[in-house]
Each structure stands twice: as structure tokens, then as C-alpha cells.
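Reader: I am in my first year and still learning how to read a structure. Could you take one small part of this one and walk me through it slowly, and then show me how that part sits within the whole?

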Amino acid sequence: MVFERILEGKDHLWAVRNMEKPKNELALLFDSWNDIGFLMDFFMENLDDLKQFFHIQRISDAIDDTMDDAEELQRLILDIPYTENLDELFTPLGSADLTIRELTREKARNWDRIGHASWLRVYAIRLEKNVFVVTGGAIKLTRSMQERPHTQEQLDKLNSCRQYLLDNGVFDADSFISLIEED
Amino acid sequence: MKTKAIKFLESHQSGEQSTFEADAQWRKENESWLKRSRNVALAIVDYMQDNALSRNDVAQRLNVSPQYVSKILSGKVNFSFKSIAEIEEKLGVDCFRAAAAVDVG
């Protein structure tokens, strides 16, 4: 598994890079969220979820909302203060990630979206204080990630990256102690 | 002083530079015309949903390839007057009205 630093000169945000794809996971994610054809196919396939959970009937409305929200999320990732403090942008994925401190699975979203709640998610592993590796992201229309194949796939990618980092000893007892001391 | 995690990431880099920031910058710099292209694409999406049409159906009506329809739907097309006229005449989608519906400023 290889990685790319997202911002030159900054150590805190990285993304997984699959060399069989043209870009890293974060760049690909925002490409897809800015591709109307991709979004049209997605919302056509998931129209029932869109209607049931968000009461949106028009695919063009869902696409418009997605692109506006992606722009805002992109700004949050690139702009200070979030760039300098990603621990405020990312939150633990679920209850299992609240009970551990090392290599937690995390999600970022635009919490301040006006209208319906944001359905865009950026998924990452938190390596240590304010250091994250993005594994992917999704348009999440359902309550849990296990409910749909495209979100389950993202959960699998999170788990796979976490296991890879664990297997390679990125986190160990020493760093756990230093992390506690920092707090 | 770099931590163990940062050292690990630096020793497992792809060897290529991330495009994320440059992509974002390009979208920002081209925001004005991209918004107009996006609105035309969204008008075509409305047309497709209302008439239950696929890309192939639209391609047939425009007498173009499905790949060209995909390009139109990407939202990143700098339309020519010729292609706008064809979309308006063959699909009945008002591209100019759609493109004009942009908040300026």
C-alpha cells in the first residue's frame, strides 16, 4: 500500500494511492463528486433511498446539492483552521472507534450544511493526533454503511488500511503512551 | 522531529504528487463557466428523468455517440453555439436559459 501527501509541506493529511488508478483516493473522490454523469448514474441507482430518506424526487436537485456540498467540504479540507487541525473535521466512525485510541476509523462531513443533512463522507484512518490517511469516501444515504454495497466497500477499505498499518507496526505501545501524554 | 507514523508514510509514498489541491484550484479558477456547463447538463438530466431516457436514447436523438453524451453530462464542456443549437432543437432543452441561471458575484 502506498500513500500521497495531500498538501506539500504538511504532514497531517495523506491519502491511499492505488497505482492502477490515475489519482489518489481523495482526488478521485472529489472528481466523482464533480462529475454530473457519475452522480446521475449513482442517484438513478439509489433513487429509492433518496426519496425515502431525504424526500428528494429530482435527480438534478440531488446532483446540485452534492456538487455544492463537495465544494464546501473541499474548502474545509484545504482552508485554515481545519487544515491545521483535522481533529476538528474528522470524528470517529462509530461506537467501536470511541473505545480505542490507535488507528481509529474516522469520517469527515460538512456538519453545517443548510437544508438536509450532508450525505457526503470522507473516510480516513487517524494515525495519531492530527494525522490522517484518507481511504475513500461515499455518498451515504442510509443509516449504516453495511446497508448498501458502495458504503460497505468503503468500510472494507477502512478496515483493510487499518490492518495494513497495524501489520506494519505503525502504531505500538510507545506511541500510545506518548499520545496519552500529549493529552 | 518526525513521528514514527510520519516516517512510515514518507517511506511508503507513491512517488507522485497528489493532484487534490491542483484539481481544487482548477475548479475554482474555472468556476464561472463550469457553473454554466453544469446547469446545461442538469437541464439534460431533468429531460432524461422526465422522459425515462438512457444515454443511448439521448445519443440517438442527438445523432451523436453515447461517449459524447457522457462528455456533455460531465459538466465540463465548453459548448459551441452549434452544439447548443442542436441540443435545443433536437431535445427541446433550453440551454441558454439553463446556463443563464447562475448567481454571479
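Author: Let us start with what lies over one short helix: the cover of the buried residues of α1 of chain B includes β1 (2-5), β2 (13-17), β5 (120-128), β6 (131-139) and α6 (149-167), which belong to chain A. Please keep in mind throughout that this is a predicted model.

The helix α1 of chain B comprises residues 4-11, and among its residues B:A5, B:I6, B:F8 and B:L9 are buried, where buried stands for under 20% relative accessible area. When one looks down the axis of α1(B), the buried residues fall within an arc of 160°, so they line one face of the helix. The background to this is that an α-helix has 3.6 residues a turn, so residues three or four places apart point the same way.

Now for the chain that carries this helix. Chain B holds 7 helices and 0 strands, so that, read along the sequence, its pattern is α-α-α-α-α-α-α. Its radius of gyration is 20 Å, whereas a compact globule of 105 residues would have one near 13 Å, and its C-alpha atoms fill a box of roughly 65 × 35 × 25 Å along the principal axes. Of the 105 residues in chain B, 41% are buried, and among its contacts between residues at least 6 apart in sequence, 56% join residues at least 24 apart. The accessible surface of chain B comes to about 6,200 Å², and carbon and sulfur atoms account for 50% of that.

Chain A, which supplies the covering elements listed at the start, contains 7 helices and 6 strands, arranged along the sequence as β-β-α-α-α-α-β-α-β-β-β-α-α. The radius of gyration of chain A is 17 Å, close to the 16 Å that the globule rule gives for 183 residues, so chain A is as compact as a globular protein of that length. Its C-alpha trace spans about 55 × 35 × 30 Å along the principal axes, and 54% of its 183 residues count as buried. Within chain A, residues 24 or more positions apart account for 50% of the contacts with a separation of 6 or more.

Finally, a word on confidence: the mean pLDDT of chain A is 89, with 91% of its residues at 70 or more. Over residues 175-183 of chain A, however, the pLDDT is below 50, and this stretch has 8 contacts in the model beyond near neighbours in sequence.

Key: Residues numbered from 1 in each chain as written. Chains lettered and ligands numbered in written order. Predicted model: local features only at pLDDT ≥ 70, side-chain atom pairs only at ≥ 80, totals over all residues. Heavy atoms only, no water. pLDDT = per-residue confidence, 0-100. Contact = heavy atoms within 4.5 Å. Buried < 20%, exposed > 50% of the residue type's maximum accessible area, 1.4 Å probe, protein only. Helix = DSSP H or I, 4+ residues; strand = E, 2+ residues; numbered from the N terminus. Arc of directions from axis to C-beta. Rg over C-alpha atoms; globule rule 2.2 N^0.38 Å. Areas by Shrake-Rupley, 256 points an atom, 1.4 Å probe, with all protein chains shown as cover.
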